[in-house]
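Reader: I would like a close look at a single part of this protein, the interior and whatever opens beside it. Please take me through it in one connected account, and set it in the context of the whole chain.

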Amino acid sequence: SGRTDVDNVSGKRSVKRGTWTDGAGYQTLALYLQDRFNAGQWLTLGAGARWASYDITGNEVSTVGTLNLESSGSDVTGSVNAVLHATRNVNLIVNVNRGFRSPNIDDVSVYDERAEGTEVPSPGVKSVKMITYEAGVKCETSRLSGSAFYYYSNVNDLMERAAGIFNGLTFFDKNGNGLQDKGEVNILQRANIGDAVIQGVELDFNYTPCSWLTVYGNYTWTKGEDGNANVPLARIPPDFGTVGVRWSSTAKLAPWVELVCHAADSQKELNPADIADARIGPAGTAGFSIFNVRSGVSLSKHFRLVLNLENILDEKYKYHGSGLYRPGFQVVTCAEIGL
């Protein structure tokens, strides 16, 4: 991990510490067991468990003292699910899952100078825990297939940036007098102090009214709430989805063409971290609807040509949380070779 700052006027280059501890190491080990079986004609059950451990190593001598990343931990995840075969074409599904996310190198080793203080490595953070309940339905007939699911997740021990302690103090005591003088910045670290609820709906369908026409689509709604601060979670996506229609032929060259619309609502429900993020800001992210036209032909059993006309209305748009706008109108061609 390294960093070089370049002055665009003078061209002077300054080598500085990277965001993460250089030379840090991360190892994981996991064992899992799962099974799936029929409990009668109308019910299928599944269950699984997974044990995982992590080990983080690394240290460095910095301007504020020795930073030690040594930390390790382990946890167990598990899931149970049931599928009720209500009819030949309809399944009702229920899932319960427990999960965790181990601290990664970014969580543990980041060193970042911010307006509110300087964030130093946090080797004391532990895994984030989550339990999710999910219920839904899947159906499939000769012409129509689709699914609809709702999920609800409780998240505990979220890692959040908070006041930290280094060498027994909450600030960098440069002159050693034990008092926070002017220019001695606060110490920030990540700690397991957050709780949240995330819930959402996911829908999709595929409808073939005749052999040469297919209509398809999907939709996702997500809501996340910070249980401690009573504000939206950071980087929660807005409502988004896709609708498309495809014509295909069994004639020679097997030509096909489809029109696809990708759309997303605006996202105005923001976390303070979103507002402070230059990629989002206090205005949030604007919604969009873009249209693509795709077409292709098969010149042989193993060779196909595809032409894409993307963002044909030349709309300016980006996905929530992205620092880059997506391309305007563009033409993309490709050749596919199957072996």
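Author: What follows begins with the chain as a whole, then turns to the core, the pocket and a few individual residues.

The model is a predicted one, and its secondary structure comes to two helices and 20 strands. The radius of gyration of the protein chain is 26 Å, well over the 20 Å that the globule rule gives for 339 residues, so the chain is more spread out than a compact globule. The C-alpha trace spans about 85 × 60 × 40 Å along its principal axes. Of the 339 residues, 29% count as buried. Among contacts between residues at least 6 apart in sequence, 57% join residues that are at least 24 apart.

Within this chain, the largest nonpolar core has 12 residues in all, namely Tyr54, Ile56, Leu69, Val108, Val125, Val128, Val155, Leu158, Met159, Ala196, Leu233 and Ile236. Two strands, β4 (43–57) and β12 (144–163), each supply at least two residues of this core, and the largest share, three residues, comes from β12. Apart from this core lies another one, of six residues, which includes Leu67, Tyr111, Val120 and Ile187.

Two members of the largest core deserve a closer description. Val125, if residues up to four places away in sequence are not counted, touches Tyr54, Pro103, Val108, Met159, Arg190, Ala191 and Asn192. Met159 is found in strand β12, and it counts as buried because its relative accessible area is 15%, where the limit for that class is under 20%. Leaving aside its neighbours within four places in sequence, Met159 is in contact with Arg101, Ser102, Pro103, Asp107, Val125, Lys126, Val128, Ala191 and Asn192. By contrast with these contacts, the C-alpha atoms of Met159 and Thr242, which are 83 residues apart along the chain, are separated by 33 Å.

Met159 also leads from the core to the pocket. The largest pocket holds about 1,200 Å³ of space and is lined by 34 residues, of which Met159, Arg161, Ala234, Asn271 and Ala273 lie nearest its centre. At least two lining residues come from each of β8 (90–101), β11 (128–140), β12, β13 (187–210) and α2 (272–276). Strand β12 again has the largest share, here six residues of the lining, just as the largest share of the core comes from β12. In character, the lining divides into 18 nonpolar, three polar and 13 charged residues.

Moving along the chain towards α2, one comes to Gln267, whose place is in the loop between β17 (256–264) and α2. Although Gln267 is in a loop, it counts as buried because its relative accessibility is 8%. Its contacts, not counting residues up to four places away in sequence, are with Ile236, Pro237, Pro238, Gly284, Thr285 and His320. One of these partners, Ile236, is a member of the largest nonpolar core. Gln267 and Asp239 are 28 residues apart in sequence, and the distance between them in space is 8.3 Å, C-alpha to C-alpha.

Two asparagines offer a comparison of loop positions. Asn230 has a positive phi of about 55 degrees although it is not a glycine, and Asn311, likewise not a glycine, has a positive phi of about 50 degrees. The place of Asn230 is in the loop between β14 (213–226) and β15 (231–232), whereas Asn311 is found in the loop between β19 (303–310) and β20 (330–337). With a relative accessible area of 64%, Asn230 is exposed, while Asn311, at 2% relative accessibility, counts as buried.

Between buried and exposed there is an intermediate case in Trp247, which is partly exposed, with a relative accessible area of 35%. Trp247 lies in strand β16 (residues 240–248) and, not counting residues up to four places away in sequence, touches Trp212, Pro255, Trp256 and Val257. The C-alpha atoms of Trp247 and Leu259, which are 12 residues apart along the chain, are separated by 9.1 Å.

To return to the part you asked about, the link between core and pocket can be put in terms of one residue and its strand: Met159 belongs to the largest nonpolar core and is among the residues nearest the centre of the largest pocket, and the strand in which Met159 is found is β12.

How values were computed. Residues are numbered from 1 along each chain as its sequence is written. This is a predicted model: local features need pLDDT of at least 70, side-chain atom pairs count only at pLDDT 80 or more; totals for chains, interfaces and linings use all residues. Side-chain values use heavy atoms; hydrogens and water are left out. A nonpolar core is a set of buried Ala, Val, Leu, Ile, Met, Phe, Trp, Tyr and Cys residues joined through side-chain atoms within 4.5 Å. Buried means under 20% relative accessible area, exposed over 50%, partly exposed in between (1.4 Å probe, protein chains only). Helices (H or I, at least four residues) and strands (E, at least two) are DSSP runs, numbered from the N terminus. Contact means heavy atoms within 4.5 Å. On a 1 Å grid over the protein atoms alone, a cavity is a set of points where a 1.4 Å probe fits but cannot get out, and a pocket is an open set with protein on both sides within 12 Å along at least five of seven lines; lining residues have an atom within 4 Å of a point. Grid points are joined across faces, edges and corners, and a volume is the space filled by probe spheres set on the points. Ala, Val, Leu, Ile, Met, Phe, Trp, Tyr, Cys and Pro count as nonpolar, Asp, Glu, Lys and Arg as charged, and the others, Gly among them, as polar. The radius of gyration is taken over C-alpha atoms; the globule rule is 2.2 Å times the number of residues to the power 0.38.
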